[in-house]
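This report is for a reader who has the sequence and the model at hand. Please look over both before reading on.

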Amino acid sequence: MVPAGTGTGTGIMTAAVIVTMQNKQVDKVVVDKDYFVLGRSRRCDVVLDDKNVSREHAVIVHKHNAYELQDRGSRNGTILNGSPVSGSAPLRDGDRISIPPYELQFLESGSGSTRGDDEEKTAFLDAGKERQRKRSGRRRRAKAGPLRYSLVALEGPLKGTSYANWEGDLTLGRSDENTVIMPDDAVSQAHARMWEDDNLFFIEDLGSSNGTFVEGVRIHSTRLKKTQKIRIGSSTFLFTFEDPEKKKFMVMLTALSTVFVIALALVVLMMMPEDRFEPIIEKGLQELKRGKYAAAKEQFQKVVKERPDDETAVRYLKVAEAAIDEQTQIAAAKTAAESEQYDEALDICYKLLRKYPKSNKAKELELIIKTVQEAGIAFDANNWPDAVRYLKKARAGYPNSDLLERMSNKAQSELTAQHNLAAAREFVTRKQPDSAREILIAIPEDSVYYAEAQEGLHDIRSEDALSDTIAEAREAYRNGQIEDALSLINKGLEESPVNSRLLALKEHIADVSPLLESIRASRALLDSEDVDAIKAGLQACRDLLKAEPDAENKLRAEADESSMNLQLRLGEVERDAMVRARALLARDKAREAYKYYLVVLKANPGNEEAAGHVERIKEESADNCRKHYQRGLVHAELGQNDMAIEAFQQVLDNALEGDNYYDRAKAKLDQLRR
């Protein structure tokens with residue numbers, strides 16, 4: 001089967017089209033199809049990229065050993081040798097086709113029956129050569145050599161592989177039965193095939209799932225041109241071929257046009273006025289590429305100042321200004337984060353993302369700041385494994401941050417000290433004080449565990465006789481048995497009232513006990529909607545985690561569990577209040593919805609939807625109050641006291657908490673009612 005567009009004429013014809021615009025040659029194309037389309041669409045054989053050209057503007061048809069031009073119902077018409085084409089018109093060598101702003105010259109070489117003697121002057125092959133070519137076709141082909149063609153994998157699993165001068169169909173797909181086996185899940189078993197017909201090459205998609213693309217356009221079946229790129233799945237192939245006959249023709253065609261084009265280009269260049277702003281714009285674009293936005297802005301401003309209607313300069317000036325604004329805000333957010341003002345830094349990121357939703361830098365910085373916040377919480381809780389993990393993640397995005405480096409080093413140091421302290425305690429338990437002493441001495445002075453390390457060293461040096469009692473008390477406390485721990489401590493203090501370890505443990509339990517009571521009391525808040533109480537419970541959990549550094553202490557586990565439950569409850573309160581607020585707002589009860597939106601913001605100050613509705617409702621309320629207040633002033637001035645009182649009363653009824661019109665309207669009512 002021969003695909004559409006393959007030549008079928010009996011005469012040996014060779015034709016080409018030279019395309020010029022504004023006296024410059026922009027293209028030259030061999031007419032190698034019986035149905036050769038000119039137009040704006042990328043699917044056309046000659047693409048004329050201008051808004052005045054229709055998608056399929058005109059077509060050159062080859063039939064009965066002759067060529068003719070047909071207008072395809074274009075919007076602006078087709079001109080042949082100065083006359084509009086209505087329907088179709090015969091084409092002869094040297095004819096000029098006008099499709100503004102393009103000018104095309106038709107060139108023909110062949111032995112068709114329609115050619116006259118005078119036309120032989122423009123032929124690319126004379127009749128004698130044509131007859132000789134017919135007589136010795138096989139010999140000329142052998143001399144010139146067969147078609148040379150290849151398919152080279154530029155990208156994908158087969159990158160670097162090439163297939164050349166195959167015979168018959170070349171099939172591509174995932175199945176082992178294909179000529180080109182492609183190990184790619186995006187490729188179908190039988191994906192596409194390529195074949196040659198009368199020195200022309202074609203490709204056909206075989207009903208694949210993800211399609212076959214030629215030069216970025218999905219195809220079903222199409223003729224391939226030289227150096228076209230084919231994409232199948234994740235692979236990109238380059239198709240090339242060389243036809244000696246066509247190559248000879250193009251060499252002759254190039255020879256005819258080169259001198260004319262060079263001369264014409266020189267004349268046009270000499271006549272064109274120099275645009276003094278073009279180098280400035282070009283410099284601005286280069287500065288943009290280098291990320292020097294201020295320098296780029298300066299260049300574009302120079303052009304806009306003298307030529308305000310220059311669309312290119314205006315457009316890129318806006319791009320530069322937006323980039324500077326984004327850069328400035330990112331720098332401000334980084335400065336705030338470096339100062340540990342994380343809420344301020346996040347607020348800058350949120351504003352920047354509302355202004356530039358596609359700002360990747362803002363998104364990355366937001367993620368880093370939130371990660372650092374999590375690390376800060378872990379710092380406060382002496383949860384060094386989490387702190388190290390969060391900071392490692394943050395440093396992957398900002399490896400040059402001094403703050404992150406300091407925090408990371410500190411977290412790693414404290415994690416080491418925590419492990420050393422735990423190891424020292426283990427050695428003490430095993431009655432190996434020398435090993436414990438060696439580890440405790442290594443804990444640095446700036447560590448949160450330094451005091452405990454010194455205490456441990458003191459205890460080892462003094463060889464306290466109460467070590468067993470102290471160990472039991474600490475173990476009871478670690479297991480959450482507060483009463484048992486206090487009983488053991490008091491028993492030890494009866495024997496040694498000034499024992500520093502016993503007194504320190506008792507004082508620590510005294511600090512933790514109120515927090516533990518608050519945490520246990522907060523369990524009753526799991527069904528409560530009291531946001532303040534829930535947040536107080538959460539704060540008690542955080543305080544206990546901060547006060548109790550022992551990661552194995554069961555009180556920490558209790559605080560962790562309560563914190564998680566309270567956080568979940570806070571989220572439920574936020575969602576419930578959000579649902580109620582939306583429902584009230586849908587029923588035009590904005591004032592009632594306002595109260596629930598405030599609950600949402602109390603539970604989650606970062607809820608942008610609630611914040612937006614609160615601001616909008618406040619604005620609408622203030623606007624209504626202003627209108628009622630002004631109406632009351634008008635009635636009062638006209639002596640219409642009842643109507644004035646009614647207007648001022650509406651201000652009181654509609655005003656939200658903190659509205660400045662409330663006090664003013666109340667004062668007016670007091671005056672009118674005296």
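The text below covers the strands and sheets, then the cores, single helix residues and one long-axis check.

## Basis

This is a predicted model, in which local features need pLDDT of at least 70 and side-chain atom pairs count only at pLDDT 80 or more, while totals for chains, interfaces and linings use all residues. Residues are numbered from 1 along each chain as its sequence is written, and side-chain values use heavy atoms, with hydrogens and water left out.

Helices (H or I, at least four residues) and strands (E, at least two) are DSSP runs numbered from the N terminus. Two strands pair if DSSP finds at least two bridges between them.

## Sheets

An open sheet of five strands runs in the order β4-β3-β5-β6-β9, and its pairing is mixed. Its edges are β4 (46-47) and β9; each has a single partner strand, so one side of each has no neighbour in the sheet. Within this sheet, β3 (residues 35-39) pairs with β5 in the antiparallel sense over four bridges, and F36 has I60 in β5 as its bridge partner. Strands β5 and β6 form a hairpin with two residues between the strands, where H64 takes a positive phi near 55°. On the other side of the hairpin pairing, β6 is joined to β9 (residues 88-91) by four antiparallel bridges.

A second open sheet has six strands in the order β13-β12-β22-β21-β18-β19, with antiparallel pairing. Here β13 (162-164) and β19 (217-219) are the edge strands, each with a single partner, so one side of each is left without a neighbour in the sheet. Neighbouring strands of this sheet are turned by 25° against each other on average, direction ignored; the axes are lines fitted to C-alpha atoms, for helices over the stretch in contact, and angles run from 0 to 180 degrees between N-to-C directions.

Strand β14 (residues 170-173) has two partners described here: β16 (residues 192-197), antiparallel over three bridges, and β15 (residues 180-181), parallel over two bridges.

The table lists residues that stand opposite each other or are bridge partners.

| Residue | Partner | Strand of partner |
|---|---|---|
| A58 | D71 | β6 |
| E68 | P90 | β9 |
| V152 | S162 | β13 |
| L170 | M194 | β16 |
| G173 | I181 | β15 |

## Nonpolar cores

A nonpolar core is a set of buried Ala, Val, Leu, Ile, Met, Phe, Trp, Tyr and Cys residues joined through side-chain atoms within 4.5 Å. Buried means under 20% relative accessible area, exposed over 50%, and partly exposed in between (1.4 Å probe, protein chains only).

Which residues touch the most other members of the largest nonpolar core? They are I369 and L440, in a core of 43 residues. Helices α6 (311-338), α7 (342-355), α8 (360-380), α9 (384-397), α10 (402-429), α11 (433-441) and α12 (450-462) each supply at least two residues of this core. Apart from it lies another core of 31 residues, including V512, I534, A540 and L545.

Contact means heavy atoms within 4.5 Å. Leaving aside neighbours within four places in sequence, I369 is in contact with A337, Y342, A345, L346 and C349. C349 is itself buried, at 1% relative accessibility.

## Single residues in α8 and α10

Q373 lies in helix α8 and is partly exposed, at 23% relative accessibility. Beyond its neighbours within four places in sequence, Q373 is in contact with Y342, D343 and L346. The C-alpha atoms of Q373 and A337 are separated by 9.6 Å, with the two residues 36 residues apart along the chain.

S408 is found in helix α10 and is buried, with a relative accessible area of 17%. With neighbours within four places in sequence set aside, S408 is in contact with L391 and R395.

## Helix α19 and the cysteines

Helix α19 (residues 608-637) has 30 residues and should span 44 Å at 1.5 Å a residue; its end C-alpha atoms are 43 Å apart, which agrees. The expected span is 1.5 Å times one less than the number of residues.

The buried residues of α19 include A610, V614, I617, S621, C625 and Y629. They pack against α17 (554-586), α18 (590-603), α20 (641-654) and α21 (660-673). C625 has a relative accessible area of 0%.

A search of the whole structure finds zero disulfides (a disulfide being a pair of cysteine sulfur atoms within 2.5 Å).
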